[in-house]
Amino acid sequence: MKTDIEPTSPTDPSSKVRTRSTGRFGDKIFLGLSRGSGVLLLVIMAAIAVFLAVRAASALSDNHGNFLTTFEWNTSSRPMVFGIAVLAYGTIVSSIIAMVIAVPIAVGIALFISHYAPRRLATPVAYVVDLLAAVPSIVYGLWGGLFLVPHLTGLYKWLDEYLGWTKIFEYNDGAARSLFTVGILLAIMIIPIVTSVSREVFRQVPQMHEEAALALGATRWEVIRMSVLPFGRSGIISASMLGLGRALGETMAVATVLSPSYLINASLLDPGGGTFAQNIASHFKEADGPARDALIASGLVLFVITLLVNGAARLIIARRKEYSGAAA
């Protein structure tokens, strides 16, 4: 028996069902949601920037000191005198120390897990690393204040003995509550983050690249140096910037370990200094309206620094697209 099937017109309800079943209608919905999410993110960022700028402008109009160069932070007096020189120095220096310590160690751990350790060992080590990334910062802060600070005296004396002539590592006794201790603690905190991201990047290296290098007689280290590291360079940069973002904005751990003061010491081992996040956390509770606006003004500077750091990272990755793995 022969059955004739008439073509459906564009207005036929069955055509709409067919469009939906092929996924075209779903694609439009997904495209709209994706665009909306991107626009929403930009709106939120703009709203945060506007809020910080408006409140900062109110505080800066009442400031009788130079906001960029004043070492003093006195928002309880009238007129107010405050500046971010010490806070900017402490934030940048402690973050640099953390990055110098953390990135090489994290990359080494990631390479060990992905290319050296047997599977039985790599799996639990990777699990522990991921677990460390989820530990709250206050736990790191308590550990740093109660355990790390008392046990760094020996390291401080060693640095003073061999590098004290540089004045940067001169130790004058006292508790090890300095920017150097903060940098070490921040390094411990960001190592799991950098390790986790770098490990996943190294796992994406094309197997053919490694096998080709081995077939040519390359050693394991030569394979990593010629195939793995070039392929994952942009990923390592991204992981490092992610860790740097946490180091720049870390609050409670720094507030627990650091002995704050509004002085810039020549030695990194001398107690004192401060960071943006630590200063905001320490003074926000008792601050009144104008004093809170001053703290928000310092938060605006930290916001700008974070944007600049992430923008610089994107530029570095964009200039080295050949290492991003897109062409692999």
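## The largest pocket

Five helices each put at least two residues into the lining of the largest pocket: H3 (85–116), H4 (119–133), H7 (179–203), H8 (207–215) and H9 (220–231). Of these, H8 gives the largest share, with four residues. This is a predicted model, and the pocket in it holds about 370 Å³ of space. In total 17 residues line that pocket, and Ile 113, Ser 114, His 115, Arg 119 and Arg 203 are the ones closest to its centre.

What is the mix of residue classes in this lining? The nonpolar group has eight members, the charged group five and the polar group four.

## The chain as a whole

Stepping back, the protein chain runs to 328 residues, and 39% of them count as buried. Its secondary structure comes to 13 helices and two strands. Take the contacts with a sequence separation of 6 or more: 71% of them link residues 24 or more positions apart.

## Helix H2

Helix H2 covers residues 24–61, which makes 38 residues. Does its length fit or clash with what 1.5 Å a residue would predict? The expected span is 56 Å and the end C-alpha atoms sit 55 Å apart, so the two agree.

Leu 52, Ala 56 and Ala 59 are buried in H2. An α-helix has 3.6 residues a turn, so residues three or four places apart point the same way.

## Two cavities

Besides the pocket, there are two cavities of 30 Å³ or more in the structure. The largest cavity contains about 60 Å³ of space. Tyr 89 and Leu 179 help line it, together with Leu 263, Ile 264, Asn 265, Ser 267, Leu 268, Asp 270, Gly 272 and Gly 273. Sorted by class, that lining has five nonpolar residues, four polar ones and one charged one.

The second largest cavity has about 40 Å³ of space. Its lining is made up of Leu 87, Pro 260, Ser 261, Tyr 262, Gly 273, Gly 274, Gln 278 and Asn 279. Here the classes come out as five polar, three nonpolar and no charged residues. Gly 273 turns up in both linings, that of the largest cavity and that of the second largest.

## Asn 279, beside the second cavity

Asn 279 belongs to helix H12 (residues 276–283). Why does Asn 279 count as buried? Because its relative accessibility is 1%, and buried means under 20%.

What does the side chain of Asn 279 pair with? It makes a polar contact with the side chain of Tyr 262, at 2.6 Å. Tyr 262 also lines the second largest cavity, as do Asn 279 itself and Leu 87. Setting aside neighbours within four places in sequence, Asn 279 is in contact with Trp 73, Leu 87, Tyr 262 and Leu 295.

## Val 149 in H5

Over in helix H5 (residues 137–151) you'll find Val 149. Val 149 counts as buried because its relative accessibility is 6%, against a cut-off of under 20%.

Which residues does Val 149 touch, not counting those up to four places away in sequence? The list is Gly 144, Ala 176, Arg 177, Thr 181 and Val 257. Val 149 and Val 182 are 33 residues apart in sequence, while their C-alpha atoms are 9.6 Å apart in space.

Key. Residues are numbered from 1 along each chain as its sequence is written. This is a predicted model: local features need pLDDT of at least 70, side-chain atom pairs count only at pLDDT 80 or more; totals for chains, interfaces and linings use all residues. Side-chain values use heavy atoms; hydrogens and water are left out. On a 1 Å grid over the protein atoms alone, a cavity is a set of points where a 1.4 Å probe fits but cannot get out, and a pocket is an open set with protein on both sides within 12 Å along at least five of seven lines; lining residues have an atom within 4 Å of a point. Grid points are joined across faces, edges and corners, and a volume is the space filled by probe spheres set on the points. Ala, Val, Leu, Ile, Met, Phe, Trp, Tyr, Cys and Pro count as nonpolar, Asp, Glu, Lys and Arg as charged, and the others, Gly among them, as polar. Buried means under 20% relative accessible area, exposed over 50%, partly exposed in between (1.4 Å probe, protein chains only). A polar contact is a pair of N or O atoms within 3.5 Å; within protein, one must be able to donate a hydrogen and the other to accept it, and residues adjacent in sequence count only if both atoms are side-chain atoms. Contact means heavy atoms within 4.5 Å. The expected span of a helix is 1.5 Å times one less than its number of residues.
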